[in-house]
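Dear colleague,

I am handing over a structure for you to look at, together with a few notes on what was found in it. Please open it first and keep it beside you as you read.

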Amino acid sequence: MIKRLISFCTVVFGVLSLTFLLIHLVPGDPVEVMLGESASLADRAVLRAELGLNQSVASQFGLYLSRLAHGDFGLSIHSKTPIVELINTRYPATLKLALLALLIGVGVGVPLGIYAALKAGHWQDLVVTIVSVRLSAMPAFWLGPMLMLIFAVWLGCLPVSGMDSPSSIILPALTLGFGLSAILTRMTRTSLLEVLNDDFIRTARAKGLTERQVILRHALRAALLPIITIVGLQMGSLLAGTVITETIFSWDGIGRLLVESIEKRDYPVTQACVLLVALSYVVVNVLTDLLYRLVDPRIRLGH
Amino acid sequence: MIKILAYGILLFWLLAVVLGRLFQLDPNQIDLNAILSTPSQVYWLGNDDLGRSILARLLHGVEVSLLVALSVTAVTMTVGVLIGMLAGFYGGRVDQFLMQVTDVFLAFPGILLAIAFAAVLGPGLLNLMIALSLTGWVSYARLTRGQTLSLRDRQHVLAALSLGASVPRLLGKHILPLLTSVLVVEATYSLASVMIAEASLSFLGLGIQAPNASWGAMLRDGVRYMLVAPHYVLIVGLSLMSLILAINLGGDSLRDRLDVRQEAD
């Protein structure tokens with residue numbers, strides 16, 4: 001556990017350093033790139049001081065870290081507002097979207113996986129497997145427009161984009177959750193099939209439990225571990241997927257904030273968004289690890 | 001059956017690109033009378049928002065995308081394999097440090113890091129390739145490191161070592177050949193994932209810029225004009241689907257043939 005904690009700290013430190021270095025990768029003078037060539041010398045000097053660019057790289061990094069520790073992400077160059085405020089308004093929207101996507105992923109993927117496992121070898125299993133394997137390879141920037149075309153343009157039953165009505169969240173959440181549900185379907189099917197041949201399942205059947213009890217109470221519980229791992233690992237692509245999905249559906253979250261900041265060359269905002277998404281991912285991974293220990297006594301007891 | 005379909009689709013696109021070149025379809029020719037028009041006898045797949053032929057731009061886009069994918073894969077594979085072999089062979093501190101670096105890179109989910117690099121480097125073809133290369137070497141390094149670690153203590157490697165073979169010779173002549181099939185399979189998949197990453201970045205406006213065509217950018221334009229010209233987004237979407245499915249199916253059959261089991265790292 002201590003080893004995990006140390007590796008967690010080094011990764012967080014690495015993520016901080018890499019996002020810090022981003023701004024130094026800007027070709028030429030970052031201040032000129034951000035403000036444009038027409039900016040006055042005074043404006044440039046102010047921004048340079050604000051970003052700490054007139055100091056050594058080491059002291060810049062120190063400044064960056066101490067500001068972050070105080071929850072200060074700096075100012076947005078474009079709107080002059082503190083970046084923390086931007087994040088506070090945008091992050092909940094992303095979280096809402098990601099959680100609903102997670103819910104869709106698990107809610108569709110796991111039952112479908114159970115169904116496929118119970119029908120193993122039949123045509124239903126084949127259809128489910130092929131669809132989930134092949135369509136999970138399709139990227140969000142493909143799935144989003146296709147769903148939009150079908151449900152918003154042709155059927156006209158859901159809003160095209162924006163956040164105006166409560167049903168606006170459905171299409172982006174489907175886009176985001178689809179990949180997860182496809183992968184979960186496969187994973188649930190495989191791990192359930194493995195478990196179903198075990199002795200304890202035969203015992204459960206022999207003592208006269210109904211098939212429903214055998215599957216839900218005994219088999220699924222044992223098959224849960226790999227499913228949790230996959231959910232944890234996939235949270236990463238879910239978070240990264242918000243960048244594309246939010247852009248497609250004009251969903252005002254962190255992902256869209258990131259893309260907007262890139263278009264406006266508002267690098268401090270870009271930096272903050274990248275950092276936030278990466279850190280969320282790292283934290284989710286640690287939580288998955290903890291959950292894993294909680295579910296599996298073998299790991300908890302250190303076997 | 002599915003395999004034939006996959007190779008068929010790949011062959012179809014290849015043939016289409018060659019024919020497009022042969023008949024000199026111009027992806028940048030503007031026809032102001034045909035803006036966003038539906039498929040016709042002159043323009044088989046219709047026209048985009050500037051009246052350019054969608055077919056010509058699709059074919060041009062495949063070429064650019066393939067060029068990007070091939071060069072990025074070549075660079076990332078070389079760098080990744082080199083780093084992975086060194087880490088796996090030497091072990092110890094070198095290995096620990098290099099793996100910590102890859103851990104940091106892997107802490108950025110999906111294409112987030114590529115987006116960040118592309119953002120600060122600025123849009124454009126070369127910067128896009130740099131951004132994708134900066135992030136793409138990690139998976140090769142992890143894969144090669146694991147394989148090298150298990151191959152290091154093989155008898156033939158120890159024999160060569162005791163005969164006084166130099167490290168470059170050991171790595172190049174005794175370990176690398178055993179990695180070939182794993183790397184070939186990994187390369188097919190990464191070819192597909194680089195193409196998707198390129199299209200994603202271009203979709204966000206960070207990748208390939210006009211007048212060059214990219215399927216990602218076309219899809220974005222298609223979304224923009226979805227209400228007036230749904231055929232645009234549909235055609236690009238279906239083309240993209242066919243190509244990605246074909247590449248993945250092809251990769252699967254290649255994996256089966258070379259009998260490589262996917263390593264869970």
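The notes below go from the conventions to the chain contact, then to a pair of helices and a single residue.

This is a predicted model, in which local features need pLDDT of at least 70 and side-chain atom pairs count only at pLDDT 80 or more, while totals for chains, interfaces and linings use all residues. Residues are numbered from 1 along each chain as its sequence is written, chains are lettered from A and ligands numbered from 1 in the order in which they are written, and side-chain values use heavy atoms, with hydrogens and water left out.

Between the chains, 40 residues of chain A are in contact (heavy atoms within 4.5 Å) with 43 residues of chain B. The area buried between them (the accessible area, with a 1.4 Å probe, that two parts lose on being put together, summed over both) is about 3600 Å², and carbon and sulfur atoms give 86% of it.

Helix 7 (residues 140–154) of chain A packs against helix 8 (residues 215–224) of chain B at an angle of about 20 degrees, with the axes 11 Å apart, and the two are therefore roughly parallel (an angle under 35 degrees). In this pair, Phe141(A), Trp142(A), Pro145(A) and Met148(A) meet Gly216(B), Leu219(B) and Val223(B).

Finally, Thr188(B) lies in helix 7 (residues 167–203) of chain B, and Thr188(B) counts as buried (under 20% relative accessible area, 1.4 Å probe, protein chains only) because its relative accessibility is 18%.

Best wishes

Technical notes:
Axes fitted to C-alpha atoms, helices over the stretch in contact; angles between N-to-C directions. Helix = DSSP H or I, 4+ residues; strand = E, 2+ residues; numbered from the N terminus. Parallel < 35°, antiparallel > 145°, perpendicular 65-115°, else oblique. Buried < 20%, exposed > 50% of the residue type's maximum accessible area, 1.4 Å probe, protein only.
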